[in-house]
Amino acid sequence: SRILAKRMLPSDDWIVLCKMEENESPADLQHPSARRVYLHSISKRHVATTFIVGGPVLDVAIYQEIMTISTQNEMSVVALPTKDSGCALLAKLPAGPNEFGVCAMGNMPTKDDNQELCQLTFERSSHPGSLEMYVLERTGDDVPSTGDDVGSAGDSDDAAADGDQRSDECRYRLKRTEPIVAHPNYSLACIAFSQDGSLVATASDRGTLIRVHNTRTRTLYAELRRGSTAAKMYC
């Protein structure tokens, strides 16, 4: 097996590890290790938390204190441990079928509210080539979820965390925003935000076009043609 993700968290004391088979067979995908993400403490030299999701893990992304775990049909959003709180599953969102587990998190282009932390995108469920768009906000410890919030740690039957998991769901809120239709009828192969979060670039599994959209207006900003023959694209 290989290490799918090895990410140092902002606290410099945690590494996220996930093992996945290089050439998966049906038996490999059913193995419990394919559904686990391990949060390893460097100072304590042990696995502090294990996240178990509903299918084989395809990718893991981290932005500040937030982690996403991608499977073919769902996106788990997790609050990572901080000095004052432990881990918590914030939401389990339907995705795909997301063959490549593509997901991206990035800065907010302009913060209308100091509580806005980041934006999150992945392939929209049952809409190949479209981006589901979310904004993640900090709400404060005592603010309940309201309005257009989606998901909480209590919503999931298929995802769980073992270890220190003091609830953080009241500290964050996910708001769904207008989706972006990037590559109609083609599955997405990669997604990436610009440094300031004002643009999002996508490529489909056909590999002939890169499209760049404005994240505020949802309009096409640029289109780059690589060629006419199919190819794998990487971000």
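Strands, in the account that follows, are DSSP runs of E of at least two residues, numbered from the N terminus. On that basis, N185 is placed in the loop between β13 and β14, the latter strand covering residues 188–193. The model described here is a predicted one.

N185 is a convenient starting point. Its phi is positive, at about 75 degrees, although N185 is not a glycine. The residue has a relative accessibility of 71%, and because exposed means over 50%, N185 counts as exposed. A second residue of this kind is S126, which is not a glycine either and has a positive phi near 65 degrees. S126 belongs to the loop between β10 and β11. With a relative accessible area of 59%, S126 is exposed.

The loop that holds S126 leads to the two strands beside it. β10 and β11 form a hairpin, with 6 residues between them. Their pairing is antiparallel and extends over 7 bridges. Within this pairing, L120 stands opposite Y134 of β11. Strand β11 also pairs with β13; these two run antiparallel and are joined by 8 bridges. Here V135 is the residue that stands opposite K175 in β13. β11 is mostly covered, since 8 of its 9 residues are buried.

The same hairpin contains an aromatic pair, and a search of the whole structure finds 1 such pair. Its members are F122 and Y134, whose ring centres lie 5.9 Å apart and whose planes meet at 10 degrees, so the pair is stacked. F122 is in strand β10 and Y134 in strand β11, so that the pair links parts of the chain 12 residues apart. Are these two residues buried or exposed? F122 has a relative accessible area of 0% and is buried. Y134, with a relative accessible area of 5%, is buried as well.

F122 also leads into the interior of the model. In soluble globular proteins, nonpolar side chains tend to be buried together. The largest nonpolar core of this model has 20 residues, and those that touch the most other members are I66, L93, L120, F122 and L174. Several strands each supply at least two residues of this core: β5 (59–63), β7 (74–79), β8 (88–94), β9 (103–106), β10 (116–123), β11 (130–138) and β13 (172–181). The largest share, 4 residues, comes from β10.

What does I66 contact beyond its neighbours within four places in sequence? Its contacts are A61, V77, V78, A79, L80, L90, M105, L117, L136 and Y172. Apart from the largest core there is a second, separate one of 13 residues, which includes V37, L39, M67 and L80.

Two open sheets complete the picture. Strands of a sheet pair through backbone hydrogen bonds, either parallel or antiparallel. One open sheet has 4 strands in the order β5-β6-β7-β8, with antiparallel pairing. β5 and β8 stand at its edges, each with a single partner strand, so one side of each has no neighbour in the sheet. From one strand to the next, the twist averages 20 degrees. Inside this sheet, strand β6, residues 66–70, pairs with β7 in the antiparallel sense over 5 bridges. The bridge partner of I69 is S76, in β7.

The other open sheet also consists of 4 strands, in the order β14-β15-β16-β17, and its pairing is antiparallel. At the edges stand β14 and β17 (220–225); each has a single partner strand, and therefore one side of each is left without a neighbour in the sheet. The twist in this case averages 15 degrees from one strand to the next. β14 and β15 pair in the antiparallel sense over 5 bridges, and the bridge partner of C190 is A203 in β15.

Strand β15, residues 199–204, is also the place of T202. T202 counts as buried, because its relative accessibility is 2%. Its side chain is joined to that of H183 by a polar contact of 2.8 Å. Not counting residues up to four places away in sequence, T202 touches L131, A182, H183, L188, C190, I191, L209, I210 and R211.

Key. Residues numbered from 1 in each chain as written. Predicted model: local features only at pLDDT ≥ 70, side-chain atom pairs only at ≥ 80, totals over all residues. Heavy atoms only, no water. Core = buried A, V, L, I, M, F, W, Y, C linked by side-chain atoms within 4.5 Å. Buried < 20%, exposed > 50% of the residue type's maximum accessible area, 1.4 Å probe, protein only. Contact = heavy atoms within 4.5 Å. Phe/Tyr/Trp six-rings, centres within 6.5 Å; stacked < 30°, edge-to-face > 60°. Pairing = 2+ DSSP bridges. Axes fitted to C-alpha atoms, helices over the stretch in contact; angles between N-to-C directions. Polar contact = N/O pair within 3.5 Å; in protein donor to acceptor, adjacent residues only side chain to side chain.
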